[in-house]
Amino acid sequence: MQFTPTRAAALDRLAQFLPAAGRRYAETRNADDGPQPGGRGNVSQLSPWLHAGLLDEREVLDAVLSAHGPRAAEKFIAEVFWRIYFKGYLEQRAAIWDDYRKGRDAALAALEANAGLRRALAEAVAGRTGIEAFDVWARELQETGYLHNHARMWFASIWIFTLKLDWRLGADLFLRHLMDADAASNTLSWRWVAGLHTKGKHYLARADNIARYTAGRPEGALAAARLALDAAPLTEPHDFARQRLDLPGPVRPEDLAQPFALLLHDEAAHHAPLALPRPPALVIGASRPDARSPGAVGTLAADFARGAIAGGMAEAAAAFACPAVAWRDGEPLAPLLAEAGIARVAVPYLPAGWTRDALWPDLAPLAAAGRVVTLLGDLERATWPLAKAGFFGVAKAIDGLLAECGIGAHG
Ligand SMILES: Cc1cc2nc3c(=O)[nH]c(=O)nc-3n(C[C@H](O)[C@H](O)[C@H](O)COP(=O)(O)OP(=O)(O)OC[C@H]3O[C@@H](n4cnc5c(N)ncnc54)[C@H](O)[C@@H]3O)c2cc1C
């Protein structure tokens, strides 16, 4: 399917998928039917647009609730909340992201000294392991920038338990090629498969399950011979203590009384979901897809991210009748503000991940000087504190969260 990095394309895909988001989604979502030119029929494929902030969870939930009501849409709604849950969880344990980066760098360094490992990794990445299903997904990931959720689970499981490769290198491969690459969903899902998120509970891929749920692919059911069926979950020597969340309150018009700049970044590339109380005097766009990894980022993923920011800047400049400037990698931010005579910058919340790593060094001194106003949606503000441990803490509160945030309240 064509993933065009615009809000219009996101809204088109939402409208196209909406009729299938009710019971049909619950019944068919587990099938990986392979890439379809007009988009898959059983899953939304909205994740690249959601990650880029061209569309937000609130809008998706609202549309789905209006179309199907809370019970028929229960499964789809829960999946959208998984995304919010993972964000909230990582926000309270940001050390997991730092630990992932250190582990990834150590795993990359270990490759230097081990030709056998280098070869095994190269074969996995090229889709030449001889495990048909894995090889198909390895190529599909790099050729399309998207994998079905079940394929991601099987792929990660085979990577860790059958091929015995370092999970951080697999997570890195996903981050470099997925158009929806997300520090929270990706890192925590790999940890979940490995048995690190829910300690001692790992996910072992099975050939019969793969064959059953891939039967609808154009090439037929995928084979997966010689999978490790009794591997033990991974363990790690430390726990990650939960940090208290310090979330910003709703933005008040007086916070932005003076002319201000709006920063669009890789997780918030469009102004529409941000509900600003006043128009900005300047739009600044910053795209940093290369910060995902020390390795090369795939063209599809990088183009989607850069395209989202370029389009988001143009649309915001037109909507607010103000100039837009690019804040390029390696350039300081302060002169862009000084040149425009602007003191404050409105920054959509930067969750733990590479976008925060790349942008925060420049923003921190401005924040310390009281010049940053952070924007955070009410759904995140209400949900993140519940993402303390397992998903259940969020799942049982979904109805209340929707009501509290006025989502799906159409009378
Ligand atoms: C190893 C692994 C790595 C992953 N990496 C990412 C990633 O980098 N970025 C990412 O957005 N998702 C990731 N996921 C979660 C999930 O696979 C994708 O969100 C989903 O496949 C996107 O396709 P979709 O939009 O068609 O989903 P749909 O089934 O249509 O679901 C609707 C939306 O709900 C959210 N969602 C659905 N399932 C999940 C889930 N299990 N976890 C979190 N959110 C979910 C997504 O935002 C998705 O767009 C990963 C899962 C695994 C197992």
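Strand S1 (residues 260-264) and strand S4 (residues 344-348) run side by side in the parallel sense, joined by three bridges. Here two strands count as paired if DSSP finds at least two bridges between them, and the elements themselves are DSSP runs numbered from the N terminus: helices are H or I with at least four residues, strands are E with at least two. Keep in mind that this is a predicted model, where local features need pLDDT of at least 70, side-chain atom pairs count only at pLDDT 80 or more, and totals for chains, interfaces and linings use all residues. Residues are numbered from 1 along each chain as its sequence is written, and side-chain values use heavy atoms, with hydrogens and water left out.

**The sheet around S1**

On its other pairing, S1 meets strand S2 (residues 282-285), again parallel, over four bridges. Here are some of the facing residues:

| Residue in S1 | Facing residue | Strand of the facing residue |
|---|---|---|
| Phe260 | Arg344 | S4 |
| Leu262 | Ala346 | S4 |
| Leu262 | Val283 | S2 |

Zoom out and you get an open sheet of five strands, in the order S3-S2-S1-S4-S5, with parallel pairing. Strand S3 (324-326) and strand S5 (372-375) sit at the edges, each pairing on one side only. On average, neighbouring strands are turned by 25° against each other, direction ignored; the axes behind that angle are lines fitted to C-alpha atoms, for helices over the stretch in contact, and angles run from 0 to 180 degrees between N-to-C directions.

Which way do the side chains of S1 point? Phe260, Leu262 and Leu264 go one way, Ala261 and Leu263 the other. That fits the textbook picture: in a regular strand the side chains alternate between the two faces of the sheet. Five of the five residues of S1 are buried, so the strand is largely enclosed by the rest of the structure. Buried means under 20% relative accessible area, exposed over 50%, and partly exposed in between (1.4 Å probe, protein chains only).

**A bent helix**

Helix H4 (residues 57-72) is not straight. A straight helix of 16 residues would span 22 Å at 1.5 Å a residue, but H4 spans only 18 Å between its end C-alpha atoms; the expected span is 1.5 Å times one less than the number of residues. There's a kink of about 85° at Ser66, shortly before Pro70, where the bend is the angle between axes fitted to the seven residues ending there and the seven starting there. Buried residues of H4 include Glu57, Val60 and Leu61, and its buried residues pack against several helices, among them H1 (7-17), H5 (74-92) and H18 (398-404).

**Two buried residues**

Arg83 is in helix H5 and counts as buried because its relative accessibility is 16%. Beyond its neighbours within four places in sequence, Arg83 is in contact (heavy atoms within 4.5 Å) with Leu50, His51, Glu57, Asp182 and Ser185.

Ala305, in helix H13 (residues 299-320), is buried too, at 9% relative accessibility. The C-alpha atoms of Ala305 and Ala52 are separated by 7.0 Å, although they are 253 residues apart along the chain.

**Cores**

The largest nonpolar core has 118 residues, and Phe81, Trp159 and Ile210 have the most contacts inside it. H5 gives the most to this core, with 10 residues. Apart from it lies another core of 17 residues, including Leu337, Val345 and Val372. A nonpolar core is a set of buried Ala, Val, Leu, Ile, Met, Phe, Trp, Tyr and Cys residues joined through side-chain atoms within 4.5 Å.
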